[in-house]
Every structure is written in structure tokens, then in C-alpha cells.
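Here is a short report on salt bridges in one protein chain. Look at the structure first, then read on.

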Amino acid sequence: MRSRAALAYGLLFFLSGATGLIYELLWVRVLYQTFGSTIQSVTTVVAAYMGGLGLGAWLLGRLADRRPKPAALYGWLEIAIGVFGILSPLILGLAHRVYLGLAGAASLGTGASVALRFGLAALVLLIPTTLMGGTLPVLTRAFMGDDRASLRPSLGRLYGLNTLGAVAGTALAGFFLIEFVGVRASLWLTAAANLSIGAAALWLAKRPSLTDPGRQPGETQILPGNLLRTLALFLLAITAFASLLDEIAWTRVLVMIVGGSTYAFTLILLVFLLGIGLGSVLVARRSGPRAETAAAAALAQGLTGVGAGLLFMFFGLLPAYIIAVFQIPALGAVPRLLLMGMAVGAVVLIPAIGMGMSFPLLAELTARDRASGEDVGGAYALNTLGSILGATLTGFVFVVAWGAQATLRVGLVLNGLAALALAWAAARGIAEGSLEDKRIRIRVLSAGTLATVALVVAVAAPGWSTRLIDLGPTIYARGHMSPAERRAFLEHRGVRQLTFREGWNATVSVWDGEAGRSLRVNGKVDASDRGDMGTQIMLGLAPVAARPNASSALVIGFGSGVTTRILAAVPGMTRVRVVEIEPAVLAMDSLFHHVNDTVLGRPNVTALVDDARSALQLQRERFDVIVSEPSNPWLAGVATLYTPEFFRIARSRLSEDGVFCQWLQLYQLPLPIVAGIVRNVREVFPYVHVWFGESHDLLVLASPKPLTYPDTWIARLVGPGGALGDVGREWLNVDQVHDYMGRLLLADSGVSLLIERARFKHTDDRPRLEFVAARSFLAEDVPGVFDSLMTLGAVRVGAASAFLLVRTLTNRRSDPAMLRYLDAVRKAQPNEMDWVVRSAAVRLGMGDTTRADSLLERALARGPRGDALLLRGVIATARNTREARRFLAGALTAGGDTAQARAALALVAARDSQWVDAAANARASLAAARGTFRHPFPAQFLAEALSRLAFDGPPATADSVLEYAVARRPAAARYRELRGVSALRAGHCDAAATVFVELVDFGIERDNALAAS
């Protein structure tokens, strides 16, 4: 083909690659809204898509050989793709209705449901993907004519340009089109591009094109090479299998490090495609003898293996690098994203280049003497078949059964063996010292060396620590950290990893430490038995408080199981359904039995593993209460649970007077985004209130009917003797019914004011939230919006009184941001000493003991108060003054927190070497503490008292107390260390050895398996 025409067609094929990737991303996104985003749905859609590509390559490659002008055929293919693109929104909508009708009516099981999803996806995608798959062999046939020697340069150049176009399409869709243009409009724009590409190709096809005189058919000697061709056919599938295996395993690992936002997934795909495109272009040279081509293919696979193996060498540096990125001050979202892209490139780019080199080289080895589109199409079809198997087996089996590390080692073995096989085949039959031997020797030896290195890495390279991969550096290392703090963060000091499991859809782990037990999903804490308890309880309590006598409930997201436990314990609740997308989360249930009360074992509770949208769309049941507690909206895919379309689905599954509850984070989201989400809820439900769980979490209650909170019903729930009275008292500080209403932040008028602040629209067609939230997450921490909501809440029609709200907010007493509200209510009620004591508590938490002591003295002048006396005792203990005992004894008499008072008394006694008294008070403190918000375990004073006992107290007494302390707080590494010391002093060497062995558990990783509770 003439050079100008070749350049023009190359440009068109680059654009075709961009449109193909845009279609894939858009169609897959729409199908996920129907089928859900579980691994089953994702795999079936991707398999159907790639299956169509392979089928098209095989069929249309043969057709190209029978057409006198394959370039014109290419033009018609692009036009047909464009026509389907225009019709695709209608076709996808029809598939949506068919799926819901068939799957919902038939109540299909998992296997049948997967088969139906695959069948519908294949039916919808078969036509366009078959057309797309045919473009490469058809245009390659047009480029090379009958010249067998031009196959590799034609295929390499076209495949590379098309893949580089896919890079552009990935960037265009992932960074611009979906957010700012929308799915439907983007489909139509892409279709218009295809029609233009097709028209241009047809116009070019009318112009005369000649075979380049420099490329005479038959110029290159073609050796028979039947064994080599057979090996290449086999390796086309195997290397593609390994490539998809690597891509999926890399993605599972990298999202743990760079975060799970939509931008992170876009970056990984973009860099992967960039490497493949560059690799293909690199080998786009004129064909030579097959031995040379085989040696080059062996070198490409060796490069792939060694490049993939580098991850094992420097993986430990990646978390530290990400921490360094987030330590750069005043760095915006885009620069951070680019710097994280460098980390992705360090892992993915080199092996991806090797993968891109492999396909054109192996395809050339499979071609017969006469150039044909059939050979190219067959090679592409085999490559696609391997990709389908790689995606399916890796997603369904390998990562779940073996873990990402072992899966990547399998990929290294496949690359290494492929390189050795090709090197052997290239050298086979060539005499040593011959001209051919000299031409391929370096490449063969290099390939063999690289292959050996890859195999050695696969077998012998040390793996990375599951503790290290589970850090979540983009989430928890955002603030300024000193070098010592960075080291402590990277080492996870003082906490133990109870279990680590790579599930179908996410990696799940459970961690235990003095701050409590937490459930992590892809490195991010999604539930806990301490800090999140208020929100987890309110998620279940708030909607049932607004819906008296609810008998059925559905929960989206299991987490620790606390929300489900609250709903299951409601009087009259006969049916609770849990929908959880990741089975490994449900498997962690036993590690949270102490807070969820073995809820999955209750007869009125059932669990369903599915995507929330899919499950709700297929449900025929209605519920009195629906609770949606997904993860954060900046995570890829989660934002689909915040659109008006999803809220309409939820409303369709509510009873007529049912209540819907949506969890919403306040951290890392600016006010306009929060307001936009609440507006989406209000768009579907006429009555909306906003409550809070903790000060950083909102609960949006919505109903078709006015929301009311009858006192008698709330009393049955959390009043004295209520079904959830103990939970409400210990975790929410609810003693009376009116205390509960202190968490109502915005009623109808306040919500109306809030939604006026909404600045963007988030829908299924324009899912802006996942992009805006992701940028907000990557940028500097946004100012907290709770103050803004409090200002809106000043319009208190129907909401809690300002005094009750501030009392509820300051129950935790440690947040300096509460001082402004406390100062305001103190001025409004100067004779109410409760505000004075609460202000003193906050001041004490800030370290301002002088101001705190002054406030407490003022409060006690009005009469004895247990809380005030306790705080004065704490200050006196910290100052080591004689008044400490008097204040603490008075606090116990007046009803102050027993655990805190006894801990301080234990320290006072230990300082005076009164060991019997110290031991008795330490035991009493540990016995009284419940680990709840109301009765927490004492921290510093008790630890110091126990330390003095362990090192200086009577050995037997100290060992007895420390043994009890470890039994009460097994997650406290400090208590175990002190127990080891006391056991040694008491001569209990076996007990000491056991304790020190247990301490190792606070610094080692867990294998990819579940742990006992």
C-alpha cells in the first residue's frame, strides 16, 4: 500500500482503537447497572465481549481473503459499528427489561443467573464485537497484500496503533466523557466517530493503491517449520492467558496501594495498554527467517517474565512511595494522580511491553507461506480465547484459591516456560557456528537467561507481607508524618492481623489492637467494634424508630454485622435480609460475634451474596425498612448506589409507609457533594430527615409518608428496659427517650436549605459523584462540613433542640471543634453546670489542665458531681498531687465512671508502693470497663499502674493482675509485654515464653486464609 494511504489508514485505525475502548467502557458500565458488579457479572460481560472479538477476527479474516478491496470492507465494518453504537442505548435498555423479567420471574439460582447474564451479554454485544474483531485482520490484509514478508510490520504497526488508540480512548472516557458528557451522549459521539472513520476509509479505498516495489512477494525464504507453527499457535493462547492473569492480579494488588477509585482503575488499564501498544510497534519490522522471529518472541516473553518479577523485588517500596506523595504539601489531585501513575508504570509497563511484542511475533510464526487475513484472524481468535480463559480462571479460581502473589508466580512460570520453549525451537536444527546461529545466538541466550531469572523469581523470591499490602496509605497516611511516624505506620506496630482473605470481589482482613477490632476491605476500614459503633447502631435504629412495628428489613452491606443485629432485635421483626457483594465479608462474621451477637445464626436473618442493585431489581418482596450502608462513594462502582435511579429501585421495594436509610460520609466530601446526594434522595422521597451516627457520618432517612418518631415506640426500643436499651445506653448515651432525639440534625426545613447548596447532578447516565468524590479524596483534606450542617440545623423546625444536640455531640468529650458550641450554650444557660463540666472535659483532652481545673472548681461549687470530681481527680493524678485520692474517692461515691476512677487510684497507690491497693484497684478498673463509649477501658493511667506493678511490685501479685489484664484485653500488646515481664519475675518461665511468642503475632502477616475467632 502506498505510504500516504498507509499513514491515513493507520490514523483511522488509531481512532478506531479509541472508539473501541470507549464503547467497551460505556457498554460494560451500562450492563453492570443491570447485572450488578459482582465477579460473576464482570467476568460474564468481559468474556462475552472478548468472545465476540475473537469470533469476528476468525470469520472476517477469512472473508478479507476473498474480497478484492479489504480496505473498503474495513470501512463498511466501521460504519456498521457506528450504526450499532447509535442504537445501543435502545438495545441495552431492552436487554435490561428482558433480564429483569426473566431472572426475577424465575427466581434463578447462581448458576442459571450467570448463564442468563452471559447469554444476554453475548446477544447484545455479539454484533458490534464481531465487527470490531474483524477490523484487525481485514486491515492487515489490506496493508500486506500477498506479501508474506510484510505480515509482521503490517500487523505490528496496526495492532500497536490500535492499542495506543485504546490508551487515548481509556483516558478520554475515564477522565472526561463519562463525567462531563454522560454515557448516552458519549455513545452517540463515539458512533459518529465510527461513521466518520468508515466514510474516510471508503473514500481512501476508491483511490488506487499499489504494492510497494520494495516488497516483492516471496522475497524472504519461508521455512516449513511445522513444529514451530504448532508451538506458536499454542503459545498465542497461553501467553494471552498469562497476560490477563497478570493484569487481574496486578489490579488486585495495586488498588490496595493506590486506592480503589475509578481513577486508579483507569490508570492501571491505561498503563497496561500503553505498554502493549509500544511493544507491538517496536517489533513492526519486515519479516525475517522464522528462527529469528522465534528468538525475538522468546526474548519478548523473557522480558515479560522478568518485568513481572520485578514487582517481587521492589513491592515493599510502593507504600513508602505513596506516603511520600501524600506528604508533599499543597499538592492537588492531578499531580498526585500523575505521581501515582508512575508507581503503576513501575509495576506494569515493562512486562506489558513484552506482552505487546509477543502477539505480532507469534502471529507471524503461525502464518503460512502466502499472506492471508485468515492467518491473522486465527491468531487473534486464539489470543482472545486465551484471554477469556485467563480472565475467567483468575477471577473465579486463582486469586480466591491461591491469592494474588501465587497467581503472579504462575504467570511468571508461564512466561519463563514460553520463553524457553521458543528459544529451544529457534535454535533447533541450526548448526553451531553457522550464519543463522550467529544471527540468533545473542537473542536465544538472552531469552534463556531472562526466562531462567523469571522462573527463579517465581520459585524463590520472597513474597510481600500481607501486613504491608493492607496499609491503605492513600487513606491513612494523608497527614504530615515524621520519619519515625512513617516507620511506625509501615510496621503496623501494636496491632495484629487476625485474618487476611482475597475474595472474589475484594481483599478482606480483620485487625485487632488497643483501638479496637476493624474490618478492612481493600485496605480501607469499613466496620469496627469501637469507633464506628455509634453509626453502625444508628443505621439500624434510626429507620425502625421512624417506622413503628416494622416486621421486615433489608440491609445492603454486612460489615461487622452490628446494623443487622440491631434490626433483628427490634420487637416484632420477623424477616431481615442481608445483601453483601463479597462472601469473604460474611466469612468474617465470627470475629465480630462479641458485637453482632451471632446475628447470622438467628432464624429471622438470611444473607444473599449479590450486588445491591441486581438484588433489589430481582426482588419481588417488599420491606418496611431498607438500610443502604455501602462503602465510600469515591470507590469505583459504589457511586451507583447514590443515584436517583437506585433510590427509585429502593422505593419500589419499600412498603407504602416504609423507611429508607442511606449512610453518607462527611469526611473528604465538600458540602455541595453532600447536598447533591441528599437532593437525589429528596428527588425520589418527599420526606427526608438527616441524622448523625458519629459527627463524621450522616444517616439520611427518607419515606413516602411523613417521618414521625413516637415516644412510646422509641421507649420500647431504647428506653429503660427496651429491647435495645443496653446498646443505646452504652454506645449512644441514651438514658431517656428525649436523649435519642439529640441525633436529629436536619428535619424538613433544614433539608430544604441543604439541597439548595447542591452544585452538581449525579445520575446513572452522568455518574459525576464517583469522579468528583475521587478528586476530592486525592486532593488536600477538604474542610469539615459538619459546622455548615449545624448552621443549617439552626432552623430547628422539627429537629432536636440546640441544647439536646450539643449534649449528644459532646458525649464523646474529646473533640476540640465542640468548644464553640459549648461556649454558645454556656452563655445561653449560664447556670447549667453540665455545660461547664463538658467544656472542662474538652479542655482536658486538649491538654489545657489549668482552664479545665478552673471550670471544674466552678461546677463543684454548686455541689458534688461524679463527673466533675473524676475529672479533678484525673488532673490531680496527672499532676501527682495529694488531692488525687480525695477527688477520686468522691467521684466513686457520687457515681463517676468506676473504671476511670479505679485506674487513677491504682496509679496513685503504685506511686506510693502500696501494691495491694494498686492491684485491687487495677483489677476493679479492668472488671468495670466494658469497652463501650460510655464505659471505655482506661488508657494511660492504667497502663502506667500496671507497668509499675510489673517491674516493681510483688512478683506473684503483679503476675496475677497482668494475667487478668491480658484476659480482659487480649488485643493490648502493652499488657502482653508487661505480662511477660511479670511472669519472668515470678519464675513462670513457660508462661513468659508463651506470652512472648504471642507478641510475635503483633508483627507478622497472615496467609491468604481465614482465622479462627
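At 15% relative accessibility, Glu-292 counts as buried, because buried means under 20%. The model is predicted. Glu-292 has a salt-bridge partner, Arg-443. That partner is partly exposed, with a relative accessible area of 24%. The closest N and O atoms of the two are 3.7 Å apart. Glu-292 sits in helix α9 (residues 290-314), while Arg-443 sits in helix α14 (residues 435-460). The pair links distant parts of the chain, 151 residues apart.

A second salt bridge joins Asp-624 and Arg-547. Strand β8 (residues 623-628) holds Asp-624. Arg-547 is in the loop between α18 (533-545) and β5 (552-556). These distant parts of the chain are 77 residues apart. Both Asp-624 and Arg-547 are buried.

A third example pairs Asp-917 with Arg-885. Asp-917 lies in helix α38 (residues 915-928) and Arg-885 in helix α36 (residues 883-893), so the salt bridge ties together parts 32 residues apart in sequence. Asp-917 is partly exposed, at 31% relative accessibility. Arg-885 is partly exposed too, at 28%.

Some salt bridges share partners. Through them, Arg-807, Asp-834, Arg-838, Arg-865 and Asp-867 form one network.

The N to O distances of the three pairs are set out here.

| Salt bridge | N to O distance |
|---|---|
| Glu-292 and Arg-443 | 3.7 Å |
| Asp-624 and Arg-547 | 3.0 Å |
| Asp-917 and Arg-885 | 3.6 Å |

How many salt bridges are counted? The count comes to 39.

Key
Residues are numbered from 1 along each chain as its sequence is written. This is a predicted model: local features need pLDDT of at least 70, side-chain atom pairs count only at pLDDT 80 or more; totals for chains, interfaces and linings use all residues. Side-chain values use heavy atoms; hydrogens and water are left out. A salt bridge is a side-chain nitrogen of Lys or Arg within 4 Å of a carboxyl oxygen of Asp or Glu. Helices (H or I, at least four residues) and strands (E, at least two) are DSSP runs, numbered from the N terminus. Buried means under 20% relative accessible area, exposed over 50%, partly exposed in between (1.4 Å probe, protein chains only).
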